[in-house]
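Colleague: Got a minute to go through this chain with me? I'd like to start with the overall fold and then zoom in on one corner of it.

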Amino acid sequence: MEVGVLKRADGSSYVEWGNNKVFASVYGPKEVIPRFLARNDKAILRCKYNMTPFSVEDRKRPGPDRRSIEIGKVTSGALEPAILVEDYPNSMIEIAIEIMQADAGTRCAGITAATLALVDAGIPMRDLVAACAAGKSNDEIVLDLCKEEDNSGQADVPIAIMPRSDDVTLLQMDGILTEDEVEEALKLAMSGCKKIYEMQKKALKVKYGG
Ligand code: CDP
């Protein structure tokens, strides 16, 4: 994880997570365009998640699709509780996540990277947001599925948390799990988030000391 990698963004980061390679950048808080979207009680977040055509095995058609729009939306929802949006009414914070190489788990890598970029942009935060997935592959509950495990996998449960309070800001589930397996997957994903949190703090210390 590296913080402050793009000169012209207000905040940025680069995260390599297994074979996932992700850039995140933050612009703002700035004027809301179009203006009618502005809220007088808080800043709005606009989060774009994009996969480059060469990031996946079969070339991805450039531009937004249903999946990337959904991931942008859930990423925004995962980050907002951690940001003091109420301090910036009538403004917007733009977050751009670029997946340069994908190997499953990119939404978690994106949320993790975007959090670092937000801090780098000087946006006041209640806590960092750390994300990680657990899933089921070969009848076993495992942490952070890679692409092969995900393809043949039986379930994928990405979560994001604010580690100081353990508040969950993202919880999705793909596939089928029993109630006990859900418990086990959540516990495992939570432990993954805590590890990611430590790595985020370390990356921020490298840039900002302390
Ligand atoms: O990346 P994440 O696990 O958050 O999302 P997903 O929708 O479960 O996608 C899992 C993986 O499928 C991605 O990380 C990519 O490696 C791959 N994928 C792909 O090969 N082509 C796409 N158009 C979309 C995803």
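**Fold and first strands**

Modeller: Sure. The protein chain has four helices and 10 strands, and keep in mind that this is a predicted model.

Colleague: In what order do the elements of the protein chain run from the N terminus on?

Modeller: Strands open the chain, and a helix closes it. Written out in full, the order is β-β-β-β-α-β-α-β-β-α-β-β-β-α.

Colleague: What is the radius of gyration of the protein chain?

Modeller: For 210 residues the globule rule gives 17 Å. The chain comes out close to that, so it is as compact as a globular protein of that length. Its radius of gyration is 17 Å.

Colleague: Is strand β2 largely enclosed or not enclosed by the rest of the structure?

Modeller: Strand β2 covers residues 11–17, and buried here means under 20% relative accessible area. Six of its seven residues are buried, so the strand is largely enclosed.

Colleague: Which strand is joined to β2 by seven bridges?

Modeller: Strand β1 (residues 2–3) runs antiparallel to β2 and is joined to it by two bridges, with Glu 2 partnering Tyr 14. The seven bridges go to an antiparallel strand at residues 20–31, where Val 22 stands opposite Val 15. That strand is β3.

Colleague: Which residue in the turn of the β2 and β3 hairpin has a positive phi?

Modeller: Two residues lie between the strands of this hairpin. One residue in the turn has a phi of about 60°, and that is Gly 18.

Conventions: Residues are numbered from 1 along each chain as its sequence is written. This is a predicted model: local features need pLDDT of at least 70, side-chain atom pairs count only at pLDDT 80 or more; totals for chains, interfaces and linings use all residues. Side-chain values use heavy atoms; hydrogens and water are left out. The radius of gyration is taken over C-alpha atoms; the globule rule is 2.2 Å times the number of residues to the power 0.38. Buried means under 20% relative accessible area, exposed over 50%, partly exposed in between (1.4 Å probe, protein chains only). Two strands pair if DSSP finds at least two bridges between them.
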